[in-house]
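Here is a short tour of one protein chain. Keep the sequence and the 3D view open as you read.

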Amino acid sequence: MTTQPPTLPQDLRQRAEALYRASENLIQESTTPEETKQLLHELRVHQIQLETQNEELRSIQAELDASQTRYFDLYDLAPVGYMTFGEPGLILEANLAAANMFGVARSALIKQPIKRFLCKEDQDLFYLHRQQAFTSSAPQVSKMLLKRSDGSCFWAQVQATPAAGGEFWVTINDISSQKQAEEKLKRSEEDLRRQNGLFSSLLKNLHVGVFMVEVPSGKPLVANDAALDILGRGIFSEATRHNLSEIYKASKTGSSAPYPADEMPIVLRMNGVSSHIDDMEVERPDGTKTILEVFGSPVTDDQGHIWASLVSFSDITARKEAEATLRESERILNKSQEIAHLGSWELDVPTGRLTWSDEVYRIFGIPPQQFAATYEAFLDAVHPEDRDSVNSAYRSSIQENKDFYEIEHRVISKLTGNVLFVYEKCEHVRDATGKITRSVGIVHDITERKQAENALRLSREKYKLTVDNSFDIIFSIAADGTFTFVSRAWERHFGYPIKKVIGKNFADFIHPDDIAPCTTYLAEIFRTGKSKAVPPYRVKNSDGIWRSFVANGSRYADAENAWQVIGVAHDITDRLAAEQNLLQAKVAAETATSAKSQFLSTMSHEIRTPMNVVLSIVQLLQKTDLTPEQREFTEIALRSGVQLVDLLNDILDLAKMEAGKIELEIYVFDLPSMIADTIQALSLQAREKGVRLVSSIDAEVPTASKCDAGRLRQILINLVGNAIKFTPKGTVSLHIQKDCEDDHSLTLRFLIQDSGIGIAVEKLENIFAPFTQANGSTTRTYGGTGLGLSICKCLVEQMGGAIGVESVEGEGSTFWFTVVLGKQESPLPASPLRVEELKTPSPSGGGLGRGSAIRILLTDDDPVAQLLVSRLLKSFGYLVDVASNGKETVDALEKNDYALVLMDCMMPEMNGYEVTTVIRDPASSVRRHDIPVIALTGYAMKQDRDYCLAAGMDDHLPKPVLFPDLLAMLEKYLMGETK
């Protein structure tokens with residue numbers, strides 16, 4: 001037999017919409033009055049059907065709402081933990097009770113491995129039961145230790161039930177209190193078993209002892225076996241003693257002093273006085289102790305004379321221990337109730353007497369001595385607004401003869417005045433006639449739960465507000481691709497209502513070219529359950545404009561346990577446009593930067609070429625016989641030329657810094673030597689101005705360090721040179737000290753102090769900006785472009801340091817900077833030859849002593865450069881041949897043996913790079929393929945040098961060439977040549 005499934009709400013709604021759409025096309029303009037009446041009648045029928053269906057929809061919706069409410073009550077608010085695990089052991093779902101058990105927020109459980117919450121000793125047990133659950137397809141129940149977020153463990157009863165898709169459902173009950181109670185009960189049972197064994201043995205052997213002595217002699221008359229067993233069988237050997245305290249060591253329980261003789265029952269009975277004690281602790285002859293409860297009465301004859309004292313006693317040691325155990329059990333019970341915030345009470349219905357546990361007193365905040373222990377006193381502690389409902393619940397359960405009642409209500413703590421929420425449940429106890437005689441119940445403090453419920457409600461309201469006001473679109477899609485939810489942001493983005501979206505397939509709204517990839521990504525999310533980003537796609541708004549979006553989605557199970565994908569879509573149209581504009585701007589900037597670099601490189605070449613001629617002529621003039629005045633003029637001209645070259649280098653450095661192309665060359669160097677060379681190079685400038693130049697290095701500064709020493713020297717020359725320039729008279733000092741260090745690096749601080757003109761306060765802020773001087777008038781008085789400090793700042797920052805200045809106008813300035821250097825533990829290698837160490841050879845001599853028989857090929861298309869450089873080299877004894885273009889160079893290398901080639905890069909026929917390629921080609925006809933090739937070119941930027949080396953040249957010497965630099969280069973590569 002097949003059962004017809006109920007009509008779903010969406011089916012009813014679709015049928016109603018279909019009827020409505022059909023009704024829109026019923027009346028045509030050309031219909032007759034009779035047809036119109038007929039159509040109107042049909043419309044009224046359709047309207048009635050729609051109203052009926054709407055009523056069905058409302059009823060179904062109400063049932064769904066009620067079902068959802070029950071679901072939340074049963075699942076999310078249940079005191080039992082519920083969790084869903086995936087096959088890899090990840091937590092997929094969890095209710096609040098589970099989160100509370102583990103001491104974390106529920107969100108902190110989701111996507112977490114269950115292994116994180118398993119105590120180490122029970123991990124194997126958990127995975128064994130999980131495997132058994134999957135193997136047997138039946139629920140598996142076990143008790144194990146689970147771990148809270150703070151690392152503590154608690155006992156839980158875990159039931160794992162296999163579910164579809166490799167998942168399983170787990171129910172968790174915190175049984176810590178139960179386990180503790182079981183342990184305590186087990187120990188109590190063991191104590192009781194021991195006590196029962198003792199009692200059985202005592203009963204079997206008449207464990208109640210009987211002891212009788214004669215009056216007034218105190219001679220023992222009767223002692224049964226139990227008495228002898230209790231007290232010891234040596235009693236008759238001590239018959240001459242009549243005081244029990246003299247026969248045995250007896251004391252009051254908890255005291256080591258002898259028991260007072262006038263309080264002992266045996267003595268009192270002899271005097272005809274009755275008494276009862278239960279605090280006598282007796283030490284037997286064998287050293288063991290027992291606690292006795294002693295009764296007795298005088299024994300009289302027929303005349304009423306007391307002739308004996310009869311004492312009965314029993315060993316109550318076990319009872320005393322049981323009483324102590326009971327007191328401990330009650331203490332533990334009270335503590336357990338305190339921990340659980342769960343108290344118990346009992347009401348005697350006929351008398352109205354009420355008994356509370358300690359936890360109930362605590363919950364109500366009432367000291368026990370201030371409570372009247374009646375039902376009316378209890379009602380007085382209930383919140384005034386809840387008293388009637390609480391009283392009605394209890395009274396009606398009595399009057400209607402119900403078995404129990406339960407209620408939640410508020411109480412006002414008498415101690416703090418705080419309002420607490422409690423849950424009460426009561427069960428009635430009946431006598432043999434069925435009449436209720438007692439009411440037994442519990443009081444559970446649920447204030448925290450109520451607060452959590454309120455927080456949950458506020459969270460839901462906040463979530464709704466967040467969703468409604470989110471700029472991004474929040475949506476959910478069913479497995480068939482239809483929208484089940486979209487947020488209000490949809491209307492803001494696309495300009496048409498949400499109702500036109502719900503129930504429609506997502507593919508109806510996106511660009512046709514984007515449907516396939518979006519469908520693939522959604523299918524992957526549904527299949528794997530993993531969160532995944534959907535690639536950019538386009539959606540058309542109400543104005544017909546395609547907007548670009550990205551989305552991120554995750555899979556979840558809805559109320560009917562059907563998979564859906566919930567996601568967030570973000571509009572990236574403006575961002576894509578901005579990125580496109582930024583890309584175009586980047587291309588334009590890179591093009592401009594490249595053009596600028598090319599321009600600077602070309603201009604450098606064009607300026608250096610004539611400068612090379614000028615400086616070469618000046619240097620040649622210095623080698624001739626000159627008058628002192630002429631020699632002074634040549635020195636001024638050479639110094640000015642070098643300043644122009646330095647300016648050109650500064651401009652190139654600034655361009656490289658702006659393009660981010662400055663690269664540091666890190667190597668080991670000797671700091672004191674470098675400082676000494678720098679000071680020596682600047683000493684002439686200081687002497688000419690009459691300025692005293694001094695330097696000092698702290699003793700803790702290491703000698704050997706690693707950094708770009710050339711760039712560090714450039715910074716020092718710039719800052720110390722500036723200090724000399726702007727100091728008319730006085731002193732310029734350089735001091736170096738250690739700033740800080742670690743295992744691998746060392747930070748040094750350099751201080752350059754002068755007594756010069758100083759800098760105005762308002763100028764300090766921009767002192768390190770390019771093309772800036774503290775005062776424009778200084779350009780006329782002292783010269784300068786304002787590039788030096790800007791370059792220093794860039795170099796210092798690239799070396800990991802900082803730079804600054806302190807100054808008082810008219811009193812001087814202190815420039816400081818720091819750099820980070822690498823540590824060098826091993827000894828320094830041999831220092832390279834410095835240009836300053838080269839001795840200028842005499843015009844007639846053998847120069848370096850190696851030039852007399854060394855033949856060099858000079859290539860350059862500039863006749864003036866050919867003349868000057870060749871004449872210079874010949875003056876030092878070198879043999880020089882000249883080639884004017886690349887083809888002549890190759891021909892010369894094929895015909896002659898040369899020790900070295902000075903190669904110009906830009907020549908007709910073949911440039912220097914092409915010639916070098918031919919030289920290095922083993923198949924070419926040149927005589928030496930390994931001949932040193934030194935680039936002698938006006939292209940001085942680092943990329944120019946790298947280009948030369950990449951082409952196969954050995955080194956690079958930029959124009960204009962200073963003779964000491966050229967001679968040092970030749971010495972470097974011709975050191976092995978002989979005369």
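## A strand at the surface

V222 sits in strand β7, residues 220–223. Strands here are DSSP runs of E with at least two residues, helices are runs of H or I with at least four, and both are numbered from the N terminus. V222 is partly exposed, at 38% relative accessible area. That label has fixed limits: buried means under 20%, exposed means over 50%, and partly exposed lies in between, with a 1.4 Å probe and protein chains only.

V222 also belongs to a nonpolar surface patch with L221 and W307, of about 240 Å². Such a patch joins nonpolar side chains (Val, Leu, Ile, Met, Phe, Trp, Tyr) within 5 Å, from residues with over 30% relative accessible area and no salt bridge. A salt bridge is a side-chain nitrogen of Lys or Arg within 4 Å of a carboxyl oxygen of Asp or Glu.

## How to read the model

This is a predicted model, where local features need pLDDT of at least 70 and side-chain atom pairs count only at pLDDT 80 or more, while totals for chains, interfaces and linings use all residues. Residues are numbered from 1 along each chain as its sequence is written, and side-chain values use heavy atoms, leaving out hydrogens and water.

## The whole chain

The chain has 27 helices and 33 strands. Of its 979 residues, 39% are buried. Its accessible surface is about 53700 Å², and carbon and sulfur atoms hold 54% of that. These areas come from the Shrake-Rupley method with a 1.4 Å probe; for residues, only the protein chains shown count as cover.

## Inside the chain

A nonpolar core is a set of buried Ala, Val, Leu, Ile, Met, Phe, Trp, Tyr and Cys residues joined through side-chain atoms within 4.5 Å. The largest one has 41 residues, and I752 and F817 are among those with the most contacts inside it. Helix α20 gives the most to this core, with eight residues. A second, separate core has 27 residues, including W345 and C426.

Which residues touch I752? Beyond its neighbours within four places in sequence, I752 contacts residues including L719, V732 and F817. Contact means heavy atoms within 4.5 Å.

## Two loop residues

Both residues below are not glycine, yet have positive phi.

| Residue | Phi | Loop between |
|---|---|---|
| K111 | near 70 degrees | α4 (106–109) and α5 (123–136) |
| N401 | about 55 degrees | α13 (387–399) and β14 (404–412) |

N401 counts as partly exposed because its relative accessibility is 45%.

Key: Patches are made of residues with over 30% relative accessible area and no salt bridge: like charges are joined within 9 Å, nonpolar side chains (Val, Leu, Ile, Met, Phe, Trp, Tyr) within 5 Å.
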